[in-house]
Amino acid sequence: MDKKNRKGIRLALGILLGLLILLIGAVCAFRIWARAPEVTAQTRPLVVAVSKPAARRAPAEAAEKTRTRKEGVYTLLLAGQDNGNGNTDTMMMLRLDTESRTIDAVSIPRDTMVNAPWQIRKLNAAYAMGAWNGGSGAESLRRHVAKLTGIEADNYAIVDLDAFVQVVDALGGVDFDVPVAMDYEDLGQDLTIHLQPGPQHLNGYQAMGLCRFRSGYADADFGRIDMQHRFLKACAAQFLSLGNIPNVGRVVEILSHSLETDLSGGNIAWFLRQFLKCRSEDVRFHTAPSWPTDANGISYTVLELDPWLEMINTSLDPYQEPVTAEDLDLVFSRGGAIGCTTARRF
């Protein structure tokens with residue numbers, strides 16, 4: 001797979017889950033007292049390991065870096081869990097700018113290499129490793145995403161596949177024109193996909209299969225990404241109107257029991273009101289620029305440092321000061337060579 005193709009890899013179910021949560025809450029926003037979330041974790045000085053790409057610094061040399069928060073800008077880490085092993089195979093960071101009324105969502109590939117003491121050092125294991133070690137899986141994931149971005153997300157939301165299926169069913173399903181026949185089975189993942197081409201009404205399980213299917217596309221992940229984009233547009237067209245969202249009470253009940261988040265109902269309502277002020281063209285999706293590599297016989301993705309820094313600063317940074325390589329803790333690609341911003345090596 002060439003370099004350009006890698007840049008679009010694995011835009012995942014988290015986008016779908018996140019959008020559905022936003023659409024659902026559009027109704028809740030008018031029923032729940034809405035208030036802006038506290039961002040104390042971000043307004044305090046952010047402690048990061050400051051190190052130049054070519055230098056090696058011990059953890060004791062970590063310095064405190066104070067940043068000035070942009071007015072009305074918030075960040076949210078969205079993750080979608082896979083089917084059973086505790087990994088988060090979908091990870092996105094969102095930035096909401098309430099002043100310019102824009103939303104940027106950046107997807108980080110699941111196989112992105114992280115500096116961590118694990119045998120398989122992939123970002124999608126951060127949640128599971130945090131939980132297995134007796135801590136918080138969500139906080140572990142937030143910490144490792146902060147190492148890659150230089151930004152600690154204000155809040156997080158973790159959703160599993162079962163919740164996605166239940167929410168789509170509670171919404172009454174989605175009308176969608178399936179472009180190709182989709183036939184795939186993986187009993188180990190409890191995944192059976194049998195869809196015929198043509199306009200049809202998809203239930204939750206069928207919608208999940210549609211968005212996970214990739215084996216029939218010549219360009220594999222690119223085909224799946226395009227399909228997810230089409231499904232998002234269909235969801236927006238069908239549910240963005242308040243009058244077309246059925247069973248709101250049931251949806252709220254599902255999310256209250258399945259969504260792992262540090263946001264209150266009032267926080268979510270406030271976010272949703274801000275979302276409704278945005279135009280569709282001002283909701284933008286991006287995928288972290290990356291490059292494939294192997295280490296000890298394991299396939300990884302490494303972020304391309306220079307375009308990644310540009311994406312962070314244009315689409316994620318909630319501060320007035322730009323993020324630099326010194327703020328990051330990651331293995332990276334630059335000019336075809338692999339490097340690391342810290343003393344630890346893969």
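**Exercise 1. The largest nonpolar core**

Find which residues of the largest nonpolar core touch the most other members, and which elements supply the core.

*Solution.* Start with the members themselves. In this predicted model, the largest nonpolar core has 34 residues, and L123, L141, W308 and L328 touch the most other members. Next, go through the secondary structure: at least two residues each come from β3 (73-81), β4, α4 (126-132), α5, β6 (155-159) and α11. Helix α11 gives the largest share of this core, with 5 residues.

Now take L141 as a worked case. Setting aside neighbours within four places in sequence, its contacts are L77, A79, T88, M91, L123, A126, Y127 and I158. Finally, look beyond this core: a second, separate one has 21 residues, among them F164, M208, C211 and A234.

**Exercise 2. One face of a helix**

Work out how the buried residues of helix α11 are arranged around its axis, and what they pack against.

*Solution.* First list the buried residues of α11, which spans residues 305-315: L305, W308, L309, M311, I312 and S315. Then view the helix down its axis. These buried residues fall within an arc of 165°, so they line one face of α11. Last, ask what that set meets: the buried residues pack against the strands β4 (88-97), β5 (102-107), β12 (283-287), β14 (298-304) and β15 (331-334), and against helix α5 (137-149).

**Exercise 3. An open sheet**

Give the strand order of the open sheet of 4 strands, and explain why one side of β13 and of β16 is left without a neighbour.

*Solution.* The order is β13-β14-β15-β16, and the pairing is mixed. Strands β13 (290-295) and β16 (337-340) stand at the edges with a single partner strand each, so one side of each has no neighbour in the sheet. On average, neighbouring strands here are turned by 45° against each other, direction ignored.

Zoom in on one pair: β13 and β14 are antiparallel over 6 bridges. Within it, W291 has V302 in β14 as its bridge partner. Helix α11 then packs on the sheet, touching β14 and β15, and its direction makes about 60° with that of β14.

**Exercise 4. A hairpin**

Describe the hairpin of β8 and β9, and say which residue takes a positive phi.

*Solution.* Begin with the strands: β8 covers residues 182-186, β9 covers residues 191-195, and they pair in the antiparallel sense over 5 bridges. As a bridge partner in β9, D183 has H194. Between the strands lie 4 residues, and D190 has a positive phi near 55°.

**Exercise 5. A strand residue and its distant partners**

Locate L96, decide whether it is buried or exposed, and list its contacts.

*Solution.* L96 sits in strand β4. Its relative accessible area is 8%, and because the cut-off for buried is under 20%, L96 counts as buried. Leaving aside neighbours within four places in sequence, L96 contacts G72, V73, Y74, T102, I103, W270, F271 and Q274. For a view along the chain, compare L96 with P318: they are 222 residues apart, while their C-alpha atoms are separated by 8.9 Å.

**Exercise 6. The whole chain**

Count the helices, strands and disulfides, and find what percentage of residues count as buried.

*Solution.* The chain has 11 helices and 16 strands. There are 0 disulfides. Two cysteines can be checked for burial: C211 is buried at 1% relative accessibility, and C340 is buried with a relative accessible area of 1%. Of the 346 residues, 54% count as buried. As for contacts between residues at least 6 apart in sequence, 68% join residues at least 24 apart.

Key:
Residues are numbered from 1 along each chain as its sequence is written. This is a predicted model: local features need pLDDT of at least 70, side-chain atom pairs count only at pLDDT 80 or more; totals for chains, interfaces and linings use all residues. Side-chain values use heavy atoms; hydrogens and water are left out. Buried means under 20% relative accessible area, exposed over 50%, partly exposed in between (1.4 Å probe, protein chains only). The arc is that of the directions from the helix axis to the C-beta atoms. Contact means heavy atoms within 4.5 Å. A nonpolar core is a set of buried Ala, Val, Leu, Ile, Met, Phe, Trp, Tyr and Cys residues joined through side-chain atoms within 4.5 Å. Two strands pair if DSSP finds at least two bridges between them. Axes are lines fitted to C-alpha atoms, for helices over the stretch in contact, and angles run from 0 to 180 degrees between N-to-C directions. A disulfide is a pair of cysteine sulfur atoms within 2.5 Å.
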